[in-house]
Amino acid sequence: MKKFKTKLIVIYSLLVTAIIVSLLIMVNNYTKRAIVSFLEQELKIGAEYVNSYIKSFHRPINSSLFKSEEIADALKRIAQKSQMRITIVAEDGIVLYDSELNRETMENHSYRPEIMEAKKSGLATSIRFSNTLQTEMLYVAAFFGTHYIRTAKPLIVVHQLISEITRNVVISGLVVFVVSIIINLLLASAFTRPIDESVSFINKFFNGDMNARILNYKDDELGYLQASINRLADSIQKKINDLTIEKDVLKMIIESIRDPLALFDRFGNISVHNGAFMQMVGADREIVGKSYFSVIRNSELNSKIHYAFTSRKEVIFEEAIKGKNYYVLILPFRGKQDESILLVMQDVTEQKRMQQLKSELVGNLSHELKTPISIVRGYLETIREVLNDRGAIEQFIEKAIANLERQNAIINDMLKLNKLETTVHAKDEYINIRSIIQQCVELLNLKIQKKSVSVSLDLDACDGVILGNSFLAEEIFFNLIDNAVSYNIQGGSINISARRMSNAIHIAIADTGIGIPESEIDRIFERFYRVDKSRSRETGGTGLGLAIVKHAALILGWEIDVKSSPSGSVFTVIVNE
Ligand code: ADP
């Protein structure tokens, strides 16, 4: 950028130089003219004086007149005193007398310009270089009828004076030049400072220093301009702040949406996206500005986006990406200027899973409820056939009742599970785990005795009360101990022991039963899932016990750990206090 100050100083310097040079030329010309005219006057008077002097002898003016030593000496004195050269020329141009040179050595002067001119007008002036005296001379020649008297003075005085004046003018001009440049520099600095300040402020502002402002501006036009720039900056800052807030709010909203969302500009480059979109495409660094097809690695999705770009039509479809199911909406903007495309994906994996679980549950439940009904119906039909056989009838009625009880147990467990599913927080009372476990063992006593299972308790670590829920705790321990009996061997044993670990109590229910194969352990908590269906029915299990345990533990914030081998299983309840 060419600086205004430099321009100003260059222009000013040129101006001052031009003024000084023209002043010098003017002064020199004027001086030369003035001196020359003064000398002319002097030489004219001199010529007239010489003429009246030689006329005073009343002799003819010819060469013999000047042979007189007296006259020659007198003229020489006059010439010396008045510091001029006196030449007397006859009408025919022959030099009669010269105060500087020997007249005999001098050539005819008829064609000297001043003589020629004097012949015409009586008086003439000429400035020429005198070869005889080797200097510039001012000649004044006057014609007096019979002769010319020419007086001359060297112009060396004029030249000396002019060079003197030039030197003085140049010196004072230089002083004026330097002083005026300094003053100009100061003035220019004072004048351009506000401009420099304003430019540096604008640079700072555009480089992001929004709080910068022009300080200390003056009460003049530039100051007014600076105040206006400040006001402009204020309003830009306010607008940017507002926009930033709006942008942040929008960003927060977009970020808070858990489903993938992205906006592609008309070139197909990503202009906005949220974290869920990054996760969906598996990007680990910023992807704004990248093209959608270089980021999305799903050909179906890419081709649908491409179709939406070319057709400007909305596309809705379902797609599975990386094990998740998405409901995808590709929406082209309808605005004239805006040719962006909005991609909104709704993660419906959980919904789908729930749907599937629901339909599985309905299937399982219908099957579980239908089986006892079919069995009861079978017994009733058989009873109809054997109405006379009272013993058989009683036996069939017993079996029918057992099946109805089983159905009743399934319905009760389903209702319990349903209730547990809708309970969020239930740690609302102080419970004693030791007494709850003892109670459960007592309730199962008949079953334990039937199977001749020995039960040992080591529950010192869970003495005292903790915050929990007695109903949920009972459900957990009852079902686990019930299973430990049901899937135990005849005459086996159950050991229930508690251990205190930092912030939790670990209660292990270990049995000597048939165990659970490693591959099945993950599934035993599902509803109606049984490892061995016939055995579970035999034991009268509903297939819902562990599902109830899982839900109850979840509500209490407890954990269940399972370890199993063919010689028995250990279910550990981790009670987090
Ligand atoms: P069930 O009413 O059939 O016992 P559960 O949900 O309580 O239903 O248990 C699911 C399945 O897990 C059982 O059918 C059984 O196969 C297995 N199981 C549960 N506890 C044990 C255990 N202690 N030993 C061996 N198998 C078990």
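The following paragraphs lead from the overall form of this predicted model to a set of paired strands and two individual residues.

The chain contains 15 helices and 17 strands. Its radius of gyration is 64 Å, well over the 25 Å that the globule rule gives for 577 residues, so the chain is more spread out than a compact globule. Along the principal axes, the C-alpha atoms fill a box of roughly 210 × 60 × 45 Å. Of the 577 residues, 38% count as buried. The accessible surface comes to about 34500 Å², and carbon and sulfur atoms account for 58% of that surface. Where contacts link residues at least 6 apart in sequence, 56% of them join residues at least 24 apart. The chain carries 69 positive and 68 negative charges, and the mean positions of these two groups are 8 Å apart.

One set of strands can be followed from partner to partner, beginning with strand S6, residues 261-264. In a regular strand the side chains alternate between the two faces of the sheet. In S6, Leu261 and Leu263 point one way, whereas Ala262 and Phe264 point the other way. All four of these residues are buried.

S6 pairs with two other strands. It is joined to S7 by 3 bridges, and the two strands run antiparallel; within this pairing, Phe264 stands opposite Ile270 of S7. The two strands form a hairpin with 5 residues between them, and Gly268 in the turn has a positive phi of about 85 degrees. S6 is also joined to S10 by 4 bridges, again in an antiparallel arrangement. Here the bridge partner of Leu261 is Val344 in S10.

Val272 belongs to S7, which spans residues 270-273. Is this residue buried, exposed or partly exposed? At 32% relative accessibility, Val272 lies between the 20% and 50% cut-offs, and therefore counts as partly exposed. Leaving aside residues up to four places away in sequence, Val272 touches Ile254, Leu261, Ala262 and Leu263. Of these, Leu261, Ala262 and Leu263 have already been met as buried residues of S6. Tyr292 is 20 residues from Val272 in sequence, and the C-alpha atoms of the two are 11 Å apart.

From S10, residues 341-347, the path continues to S9, with which S10 pairs in the antiparallel sense over 7 bridges. Tyr327 stands opposite Gln346 of S10 in this part of the model. S9, residues 324-332, in turn pairs with S8, residues 315-321, in the antiparallel sense over 7 bridges. Ile321 has Lys324 of S9 as its bridge partner. The hairpin of S8 and S9 has 2 residues between the strands, and Lys322 takes a positive phi near 45 degrees.

A further hairpin is found later in the chain. Strand S16, residues 559-565, and strand S17, residues 568-576, pair in the antiparallel sense over 7 bridges. There are 2 residues between these strands, and the bridge partner of Glu559 is Ile574 in S17.

The last residue to consider lies in a helix. Thr192 is part of helix H4, which covers residues 156-206. Its relative accessible area is 4%, so Thr192 is buried. When residues up to four places away in sequence are not counted, Thr192 touches Phe4 and Lys5.

How values were computed
Residues are numbered from 1 along each chain as its sequence is written. This is a predicted model: local features need pLDDT of at least 70, side-chain atom pairs count only at pLDDT 80 or more; totals for chains, interfaces and linings use all residues. Side-chain values use heavy atoms; hydrogens and water are left out. Two strands pair if DSSP finds at least two bridges between them. The radius of gyration is taken over C-alpha atoms; the globule rule is 2.2 Å times the number of residues to the power 0.38. Buried means under 20% relative accessible area, exposed over 50%, partly exposed in between (1.4 Å probe, protein chains only). Contact means heavy atoms within 4.5 Å. Accessible areas come from the Shrake-Rupley method with a 1.4 Å probe; for residues, only the protein chains shown count as cover. Lys and Arg count as positive and Asp and Glu as negative; His and the chain ends are not counted. The place of a charge is taken as NZ of Lys, CZ of Arg, CG of Asp or CD of Glu.
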